[in-house]
Amino acid sequence: MQRSWAMFAVLGAAAVLAAGCENPPTQAEMAAYNYGPRPENYEKLIRDYLSPRLLDPGNAIVEFKAGPRELYQQDTALRSLQYGWGVCVWINDKNTKGAYDGPYPMVFFIRDGKIVAANGGSDDNVIGWRYARTGCNELGAPFVTP
């Protein structure tokens with residue numbers, strides 16, 4: 001048990017250090033990529049992506065908070081470069097006891113009608129969860145832990 005907490009602390013410290021070392025992307029960096037057409041069916045794409053990953057997809061509360069908007073995530077030692085139409089979603093799924101645990105954020109990158117990357121979610125790690133919060137903030141829907 002102590003080993004897992006130590007690993008969690010190391011990963012958290014690495015995320016903070018990596019974030020502190022990066023400069024915000026320039027407009028030229030963000031404009032250098034082809035984001036493709038704005039996805040009109042983004043809600044369906046995201047619901048289809050989430051369905052097999054949620055414990056109770058029929059009763060999960062999926063709130064589309066912001067986007068789609070062009071979003072650029074710099075390449076770091078912890079996450080690779082991502083770009084596309086970003087969508088911030090807050091999800092509240094039921095747990096194995098049938099109760100809601102409270103919402104968590106996810107950010108999806110969509111390009112050419114496909115989800116090319118996602119941050120956050122139950123199958124991600126502490127670094128992905130941090131990137132989801134950052135992405136939602138950049139998209140205009142800051143997530144504050146209830």
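This dialogue treats the disulfide, the nonpolar cores and the empty spaces of a predicted model.

Biologist: Let us begin with the cysteines. How many disulfides does the model hold?

Modeller: A disulfide is assigned when two cysteine sulfur atoms lie within 2.5 Å. By this rule the count comes to one. The partners are cysteine 88 and cysteine 136, with their sulfur atoms 2.1 Å apart.

Biologist: Which parts of the chain does this pair tie together?

Modeller: Cysteine 88 belongs to strand E2 (residues 82–92) and cysteine 136 to helix H4 (residues 126–139), so the pair ties together parts that are 48 residues apart in sequence. The torsion about the S-S bond is about 95 degrees, and the disulfide is therefore right-handed.

Biologist: Are these two cysteines buried or exposed?

Modeller: Cysteine 88 and cysteine 136 are both buried.

Biologist: I should next like to read the interior. Which residues have the most contacts inside the largest nonpolar core?

Modeller: The general idea is that in soluble globular proteins, nonpolar side chains tend to be buried together. In this model the largest nonpolar core has 18 residues, and those with the most contacts inside it are Ile46, Leu50, Val89, Phe108 and Ile110. Two or more residues come from each of helix H3 (42–50), strand E1 (61–73), E2 and strand E3 (104–111). The most is given by E2, with five residues.

Biologist: What does isoleucine 110 touch?

Modeller: Leaving aside residues up to four places away in sequence, isoleucine 110 touches Tyr35, Pro39, Tyr42, Leu45, Ile46, Gly84, Trp85, Val87 and Ile115. There is also a second, separate core of eleven residues, which includes Leu71, Val107, Ala117 and Ala141.

Biologist: How is empty space found, and what is the volume of the largest cavity?

Modeller: Rolling a probe the size of a water molecule over the atoms shows where empty space is left. Here there is one cavity of 30 Å³ or more, and the largest cavity has a volume of about 40 Å³. Its lining consists of Tyr49, Leu50, Arg53, Leu54, Tyr104, Met106, Gly121, Ser122 and Asp123. The elements H3 and E3 each give two or more residues to that lining. By class, the lining has five nonpolar, two polar and two charged residues.

Biologist: Pockets remain. Which residues are closest to the centre of the second largest pocket?

Modeller: The second largest pocket has a volume of about 210 Å³. Of the 15 residues that line this pocket, Asn92, Asp93, Asp101, Gly102 and Tyr104 are the closest to its centre. The lining of the second largest pocket divides into five nonpolar, five polar and five charged residues.

Terms used: Residues numbered from 1 in each chain as written. Predicted model: local features only at pLDDT ≥ 70, side-chain atom pairs only at ≥ 80, totals over all residues. Heavy atoms only, no water. 1 Å grid on protein atoms, 1.4 Å probe; cavity = no way out; pocket = protein on both sides within 12 Å on 5 of 7 lines; lining within 4 Å. Points joined across faces, edges and corners; volume = space filled by probe spheres on them. Nonpolar A, V, L, I, M, F, W, Y, C, P; charged D, E, K, R; others polar. Helix = DSSP H or I, 4+ residues; strand = E, 2+ residues; numbered from the N terminus. Buried < 20%, exposed > 50% of the residue type's maximum accessible area, 1.4 Å probe, protein only. Core = buried A, V, L, I, M, F, W, Y, C linked by side-chain atoms within 4.5 Å. Contact = heavy atoms within 4.5 Å.
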